[in-house]
Amino acid sequence: MRVLVLSDLHSNGTALDAVLDAAKQRWDLSVCLGDVVGYGPDPNEVTARLRELGTKTIRGNHDKAVSGLMATEDFNPVAKVAVDWTRAQLKPEHMAWLSALPKGPLETDGIVLVHGALQDEDEYVFTPEQALDGLLDSNAIVTFFGHTHHQGGFSYRDSHLEVLQIRPRAAESFAALRVEQARRYLLNPGSIGQPRDGDSRAAFAIADLDHNVVEFWRVPYDIAAVQERMRAAHLPEPLVQRLVAGR
Ligand code: ZN
């Protein structure tokens, strides 16, 4: 079974279309690690698409903020502007779907899904110490996380935690990771809608655990078209510009 792993879509419909084109239905089911909305110009389109696909989705901090389940005091000013704009745009049925999203960790089809960290859905996992916290208690060999918008992750064996450098190079569209049964993995598919790891291409993963492989993908999309819609919506300029930098 091939599982399409999506994360941090952030209302970017053009990037999501490019991802689904690249994945070409060579997957059996889809999951999402949260942050369906926030930052981008297409909250209704992206939410509708996930609902159509029947994607098993957990909530991210932006989904919580938009649906009023989390205060935005800790959000930076531009993120807060985008939250307020998104709230005003969302159709009631999509808002209801977002506000009912379950919290991670969620165990499904042999993998575990979290938005931030296993121990805290809102924590950013950047360091090996953070990655190790809770990893050995996870019920699956592979746990997927999002939130940082950095593709890659960590693997653990015999008291040693390794940082995985697994992102596809500029000329490549995917890189494959071989999964060893004796290890534990904490893997980030990267962000579809707002990558921050220096590569502006939309990021996702496909997990084929029957064959012990996780594929990390990057696909280009029409960034200028998204920027044009963001400017037309008067979304903050720093959010518009960071898409090109991938930071
Ligand atoms: Zn995010």
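Reader: Which residue of strand 8 is the bridge partner of Arg157?

Author: In this predicted model, Arg157 is paired with His160 of strand 8.

Reader: How do you know that strand 7 and strand 8 pair?

Author: Two strands are said to pair if at least two bridges are found between them. Strand 7 (residues 152-157) and strand 8 (residues 160-164) are joined by five bridges, so they meet that cut-off. The two strands run antiparallel. They form a hairpin with two residues between the strands, and Asp158 there has a positive phi near 45 degrees.

Reader: Where do strand 7 and strand 8 turn up again in the structure?

Author: Look at the largest pocket, with its volume of about 240 Å³. Strand 7 and strand 8 are the elements that give two or more residues to its lining. Strand 7 supplies the largest share, three residues. The lining has 15 residues, and His150, Gln151, Gly152, Gly153 and Val163 lie nearest the centre of the pocket.

Reader: Now the metal. Which residues coordinate the zinc ion?

Author: Four of them do: Asp8 (OD), His10 (NE2), Asp35 (OD) and His149 (NE2), at 2.1 to 2.2 Å. A donor atom has to be within 2.8 Å of a metal such as this one, so these four qualify. Along the chain, the donors follow the spacing D-x1-H-x24-D-x113-H. Asp8 and His149 link distant parts of the chain, since 141 residues separate them. Asp8 sits in the loop between strand 1 (2-6) and helix 1 (13-23), while His149 sits in the loop between strand 6 (142-144) and strand 7. Both Asp8 and His149 are buried.

Reader: Why is the arrangement around the zinc ion called irregular?

Author: Check the angles. Four donors count as tetrahedral if all angles lie between 85 and 135 degrees. Around this zinc ion the angles run from 85 to 177 degrees. The upper end falls outside the tetrahedral range, and the arrangement is therefore classed as irregular.

Reader: What makes Lys64 and Asp122 a salt bridge?

Author: The rule asks for a side-chain nitrogen of Lys or Arg within 4 Å of a carboxyl oxygen of Asp or Glu. For Lys64 and Asp122, the closest N and O atoms are 3.0 Å apart, so the pair passes. Lys64 belongs to helix 3 (residues 61-66) and Asp122 to the loop between strand 5 (111-113) and helix 6 (128-132), so this salt bridge ties together parts that are 58 residues apart in sequence.

Reader: Are Lys64 and Asp122 buried or exposed, and what makes you say so?

Author: Buried means under 20% relative accessible area, exposed means over 50%, and partly exposed is in between. Lys64 has 6%, so it counts as buried. Asp122 has 26%, so it counts as partly exposed.

Reader: What about the salt bridge of Arg167 and Asp197?

Author: Their closest N and O atoms are 3.8 Å apart, so this pair also satisfies the 4 Å rule. Arg167 lies in the loop between strand 8 and strand 9 (174-178), and Asp197 in the loop between strand 10 (184-188) and strand 11 (202-208), 30 residues apart. Arg167, at 36%, is partly exposed, whereas Asp197, at 5%, is buried.

Reader: Why is Arg169 called exposed?

Author: Arg169 has 60% relative accessibility, so it is over the 50% cut-off. Its side chain meets that of Glu172 in a salt bridge of 3.2 Å, N to O. Glu172 is partly exposed, at 31%. Elsewhere, Arg157, Asp158, Glu162, Glu180 and Arg183 are joined into one network by salt bridges that share partners.

Reader: How many salt bridges are there by this rule?

Author: The count is 21.

Reader: What makes strand 11 largely enclosed?

Author: Seven of its seven residues are buried, so the rest of the structure largely encloses it. Ala202, Phe204, Ile206 and Asp208 are on one side, with Ala203, Ala205 and Ala207 on the other. In a regular strand, side chains alternate between the two faces of the sheet.

Reader: Which strands pair with strand 11 in the sheet?

Author: Strand 1 pairs with strand 11 in the antiparallel sense over four bridges, and Val3 has Ala207 as its partner there. Strand 12 (residues 213-219) is also antiparallel to strand 11, over seven bridges. The open sheet has six strands in the order 3-2-1-11-12-9, with mixed pairing.

Notes:
Residues are numbered from 1 along each chain as its sequence is written. This is a predicted model: local features need pLDDT of at least 70, side-chain atom pairs count only at pLDDT 80 or more; totals for chains, interfaces and linings use all residues. Side-chain values use heavy atoms; hydrogens and water are left out. Donors are N, O and S atoms within 2.8 Å of the metal (3.2 Å for Na, K and Ca); water is not among the atoms, so sites may look incomplete. Four donors count as tetrahedral if all angles lie between 85 and 135 degrees; four count as square planar and six as octahedral if opposite donors are over 155 degrees apart and all others between 65 and 115; anything else is irregular. Buried means under 20% relative accessible area, exposed over 50%, partly exposed in between (1.4 Å probe, protein chains only). On a 1 Å grid over the protein atoms alone, a cavity is a set of points where a 1.4 Å probe fits but cannot get out, and a pocket is an open set with protein on both sides within 12 Å along at least five of seven lines; lining residues have an atom within 4 Å of a point. Grid points are joined across faces, edges and corners, and a volume is the space filled by probe spheres set on the points.
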